[in-house]
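Got the viewer open and a selection box ready? Let's take a short walk through this one together, stop by stop.

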Amino acid sequence: MTATPERPVVAAFDVDGTLTTRDCVVPFLRELVGTHRLVHSVLRRPGRSGRAAMRRDRDTFKAIAVATLAGRSMEEVAERGRRFAREQAARWLRPDTTDRLAWHLESGHEVVLVSASLEPYLGPLGDSLGVAASLCTRFEVDGEGRLTGRLLGDNCRGMEKVRRLEDWLAGRDVELWAYGDSAGDAELLARADRSFLVKDLTVSRAPQP
């Protein structure tokens, strides 16, 4: 009998609360536009913001916040993102889950970040961690290299995480491991062969047998 070859392992990590100790989206947006302008953007749309609050609709809140960036140079935002990523790496990474990520890399597994975090800082953070790809929320940019104030595609949370990951896998047959900490990761964890809900627990460097 011919042995069935083992499938290659891909490890997909959420970021905020999974690889980091805190949310990173709001601090980055605050750094770009200031707290006052972010709050004002919500208050000047009371109907839309109120409905989003009642539904706990993070997608709408993010869209409202991103609208404040209209007209900003993507080159400038990307540079701010690189600086922010260095701050994340120095101050906000969880030791346990980043150790698990390192174990995957040392084991020859592909690692991908799948996150609602924003591309200007998540791309550089992913590069510093040595991952194969960073699938995340992206900004729409016009022909002059300026932000339109809209997202390019959907906010990368919930089912969008699975869609983006499936597109990246491009039909490859892999053994998927997934790590997350919140309801926004539920669909990704359900898609995985091995899933790890890491909220309120410490993850060992290597998985327990």
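Helices (H or I, at least four residues) and strands (E, at least two) are DSSP runs here, numbered from the N terminus. What you are looking at is a predicted model, where local features need pLDDT of at least 70, side-chain atom pairs count only at pLDDT 80 or more, and totals for chains, interfaces and linings use all residues. Residues are numbered from 1 along each chain as its sequence is written, and side-chain values use heavy atoms, with hydrogens and water left out.

**Stop 1: the strands**

Select strand E1 (9-13). Five of its five residues are buried, where buried means under 20% relative accessible area, exposed means over 50%, and partly exposed is in between (1.4 Å probe, protein chains only). Both faces of E1 are covered, with Val9, Ala11 and Phe13 on one side and Val10 and Ala12 on the other.

Now add strand E5 (175-180). Strands pair if DSSP finds at least two bridges between them; E1 and E5 have five, in the parallel sense. Click on Val9 to find Glu175 of E5 opposite, then on Ala12, whose bridge partner in E5 is Ala178. E5 is mostly covered too, with five of its six residues buried.

Next, bring in the strands beside these two. E2 (110-118) runs parallel to E1 and is joined to E1 by four bridges; look for Val10 opposite Glu110. E6 (194-197) runs parallel to E5, again with four bridges, and Trp177 has Arg194 of E6 as its bridge partner.

**Stop 2: rings and charges**

Keep Trp177 on screen and add Phe13, Trp103, Tyr179 and Phe196: ring pairs link these five into a cluster. Rings of Phe, Tyr and Trp (its six-membered ring) pair if their centres lie within 6.5 Å; planes under 30 degrees apart count as stacked, over 60 as edge-to-face and the rest as tilted.

Which residue lies over the face of Trp177? Show Arg194, at 4.3 Å from the ring centre. A charge sits over a ring if NZ of Lys or CZ of Arg is within 6 Å of the ring centre and within 35 degrees of the ring normal. Arg100 does something similar, with its charged end over the ring of Phe196, 5.2 Å from the centre.

A search of the whole structure finds eight aromatic pairs. For one of them, select Phe28 and Phe84: the ring centres are 5.2 Å apart and the planes are at 55°, so this pair is tilted. Phe28 lies in helix H1 and Phe84 in helix H5, so the pair ties together parts that are 56 residues apart in sequence. Phe28 is buried at 0% relative accessible area, and Phe84 is buried at 2%.

**Stop 3: helix H6**

Select residues 95-106, which make up helix H6. The expected span of a helix is 1.5 Å times one less than its number of residues; for the twelve residues here that gives 16 Å, and the end C-alpha atoms are indeed 16 Å apart. Its buried residues are Asp96, Thr97, Thr98, Arg100, Leu101, Trp103 and His104. What covers them includes the strands E1, E2, E5 and E6, along with helix H7 (119-129). After H6 comes Gly108, with a positive phi near 85°.

**Stop 4: the cores**

A nonpolar core is a set of buried Ala, Val, Leu, Ile, Met, Phe, Trp, Tyr and Cys residues joined through side-chain atoms within 4.5 Å. The largest has 38 residues, and those with the most contacts inside it are Phe13, Leu101, Leu113, Tyr121 and Phe139. Helix H1 (residues 25-33) gives the most to this core, with five residues. Apart from it lies another core, of 15 residues, including Leu135 and Ala178.

Then find Gln88 in helix H5 (residues 74-91). Is Gln88 buried or exposed? Gln88 is buried, at 0% relative accessible area. Leaving aside neighbours within four places in sequence, Gln88 is in contact (heavy atoms within 4.5 Å) with Thr20, Cys24, Leu93, Tyr121 and Leu125.

**Last stop: two positive phi values**

Go to Ala170, in the loop between helix H8 (159-169) and E5. Its phi is near 55°, positive in a residue other than glycine, and at 63% relative accessibility Ala170 counts as exposed. Finish at Asp200, in the segment after E6. Asp200 is not a glycine either, yet has a positive phi of about 60°, and Asp200 is exposed at 73%.
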